[in-house]
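Here is a brief report for a reader new to this structure. Look over the sequence and the model, then read on.

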Amino acid sequence: MGTVEAKAFQPIRFLLDGEVVSVVPRDPTRTVLQYLREDLVRTGTKEGCAEGDCGACTVVVAELQGEQVAWRAINSCIQFVPTLDGRALFTVESLKRPGGGLHPVQRAMVDCHASQCGFCTPGFVMSLFALCQTAQSPTRNEINDALAGNLCRCTGYRPIVDAAAAMFGTVDVREPVAALRAGLRSIARSDAFSFVSDDRFYCAPTTLDELAAVRLARPDARLLAGGTDVGLWVTKQHRDLPSLIYVGNVAELKRIATTATHLEIGAGASLTDTNAAMVSHYPELGELLRRFASPPIRNAGTLGGNVANGSPIGDSMPPLIALGATLVLRTGDATREIALEDLYVAYQKTALQRGEFVERIRIPLPAAGHVFRTYKISKRFDQDISAVCAAFRLTLREGRIEQARVAFGGVAATPKRAARCEQALVGAPWNEATLRSAMDALDRDFAPIDDMRASAGYRKLVSRNLLRRFYIESVTPGVATSVVGMVA
């Protein structure tokens with residue numbers, strides 16, 4: 001197992017407008033947004049919500065993935081400055097053309113009258129700039145998805161979407177990557193980056209062995225992946241995080257592989273990448289994952305972080321539990337494997353031991369006779385927390401249920417299987433009588449609470465109705481009921 005030597009404050013290096021920037025981040029929890037506005041006086045990037053919801057702070061980060069350059073829009077308000085190390089940063093000021101001209105994205109926004117008060121405009125521009133680098137002729141749905149993390153309080157969405165459509169097909173809107181690729185290689189690190197002072201510790205290991213060593217040496221340090229939860233602890237809860245271990249530079253944690261029996265996802269792989277891999281095997285996950293956060297959050301956040309955080313309303317857990325996912329956990333040189341549902345022991349409490357971390361998630365591949373669906377019920381279609389998230393997986397043989405896995409989020413203190421419902425299903429024929437029995441059993445599985453997202457009574461009713469919806473879809477080939485995403 002490798003070791004990591006903590007050094008005095010070291011400068012991080014990243015590319016900005018083609019130039020290498022070297023900066024010593026004496027406070028590792030200083031946000032990229034603060035650094036841009038206060039230190040670089042790049043005030044085009046705005047703070048609207050400081051929690052990654054409104055998109056006014058959107059910037060674009062580029063990094064090497066093998067020989068390819070990956071372009072990702074992210075929320076600078078919840079990203080910490082040290083996470084820029086080894087990457088390229090683009091702000092709205094970076095789009096200025098030679099002689100002061102407008103970038104095609106900006107020109108399209110002007111021509112389509114897509115800016116009103118202007119506060120949100122730089123964020124929209126940067127989300128569209130990221131879309132330029134990853135799409136050639138996007139559909140209306142793809143444009144809507146790309147802009148799902150940007151809010152316009154002047155309700156000017158139609159001309160913004162018009163601008164998104166207009167910017168393609170006139171000129172080449174993609175950035176040249178040869179020089180960018182060379183620049184990123186020049187600042188790439190081959191070993192861990194770390195620094196320590198009297199009251200601050202930050203380490204960014206580059207290998208799994210280094211991560212295991214530093215995690216064992218500093219078990220009380222906070223693991224930092226995408227920052228989509230941890231960033232809010234700083235910006236909203238004003239928590240002091242003196243000791244951080246950043247996992248975003250560990251290549252092994254970003255690996256996604258398919259074996260003969262499982263899809264294996266490294267805990268550090270982004271939600272954007274993991275969602276694509278999961279949908280390729282389970283297309284039934286498509287709608288849920290499309291509605292799971294916004295593109296900037298999915299670009300930064302990780303499946304491992306979502307799982308390890310253990311929120312009762314995390315949307316990834318119910319379908320993963322229903323699919324029988326397991327976790328490979330690591331402490332030092334030792335690993336163990338547990339069922340995902342066994343990770344959660346109480347509200348916001350997990351079975352992780354001191355010095356232990358999630359190394360990868362293992363999802364069984366589809367098997368013959370299985371029927372799987374997952375549903376998200378929330379007040380808004382996009383970028384909203386679930387009132388109820390449900391997932392159902394049955395294995396059917398000659399019309400009878402051999403296996404049943406039913407999991408819910410939002411109705412208990414942890415993501416949880418519906419044990420009584422499963423018992424009512426296993427061994428029974430999949431028919432109306434069994435459905436009614438399982439719905440009655442489901443009523444006894446959970447005691448949901450009343451909160452701002454839904455009442456306890458609504459949660460119980462919608463849970464029953466989602467089981468019925470699953471039944472209707474599973475017994476009627478080719479029929480999928482329409483999306484009902486509103487909580488009354």
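## Where helix 2 meets helix 3

Val105, Gln106 and Met109 in helix 2 meet a set of residues in helix 3: Thr121, Phe124, Val125, Leu128, Phe129 and Cys132. Of the residues in this contact, seven are nonpolar and two are polar. None is charged. The model shown here is a predicted one.

## How the two helices cross

Two packed helices are described by the angle between their axes and the distance between the axes. Helix 2 covers residues 104–111, and helix 3 covers residues 121–134. Their axes come within 9 Å. They cross at roughly 125 degrees. Helix 2 and helix 3 are therefore oblique to each other. The crossing of helix 2 and helix 3 is right-handed.

## Aromatic pairs

How many aromatic pairs are there? The count comes to 13. One pair is formed by Tyr282 and Phe372, which meet edge-to-face. The ring centres of Tyr282 and Phe372 are 5.6 Å apart, with 70 degrees between the planes. This pair links distant parts of the chain, 90 residues apart. Tyr282 sits in the loop between helix 9 (271–281) and helix 10 (286–290). Phe372 belongs to strand 17, residues 370–377. Both Tyr282 and Phe372 are buried.

Trp430 and Tyr471 form another edge-to-face pair. Here the centres lie 4.9 Å apart, and the planes are at 85 degrees. Trp430 lies in the loop between helix 14 (419–425) and helix 15 (432–443), while Tyr471 lies in helix 16 (residues 456–475), so the pair ties together parts that are 41 residues apart in sequence.

## Burial and the aromatic cluster

Are Trp430 and Tyr471 buried or exposed? Trp430 has a relative accessible area of 9%, so Trp430 is buried. Tyr471 has a relative accessibility of 11% and also counts as buried. The cut-off for buried is under 20%.

Trp430 and Tyr471 also belong to one aromatic cluster. Its other members are Tyr375, Phe392, Phe408, Phe446 and Phe470.

## A buried serine in a loop

Where is Ser311? Ser311 is found in the loop between helix 12 (303–309) and helix 13 (317–322). Its relative accessibility is 15%, so Ser311 counts as buried.

Which residues does Ser311 touch, not counting those up to four places away in sequence? They are Met317, Gln348 and Pro415.

Key: Residues are numbered from 1 along each chain as its sequence is written. This is a predicted model: local features need pLDDT of at least 70, side-chain atom pairs count only at pLDDT 80 or more; totals for chains, interfaces and linings use all residues. Side-chain values use heavy atoms; hydrogens and water are left out. Axes are lines fitted to C-alpha atoms, for helices over the stretch in contact, and angles run from 0 to 180 degrees between N-to-C directions. Helices (H or I, at least four residues) and strands (E, at least two) are DSSP runs, numbered from the N terminus. Angles under 35 degrees count as roughly parallel, over 145 as roughly antiparallel, 65 to 115 as roughly perpendicular and the rest as oblique. A crossing is left-handed if the near helix is turned anticlockwise from the far one by less than a right angle, and right-handed if clockwise. Contact means heavy atoms within 4.5 Å. Ala, Val, Leu, Ile, Met, Phe, Trp, Tyr, Cys and Pro count as nonpolar, Asp, Glu, Lys and Arg as charged, and the others, Gly among them, as polar. Rings of Phe, Tyr and Trp (its six-membered ring) pair if their centres lie within 6.5 Å; planes under 30 degrees apart count as stacked, over 60 as edge-to-face and the rest as tilted. Buried means under 20% relative accessible area, exposed over 50%, partly exposed in between (1.4 Å probe, protein chains only).
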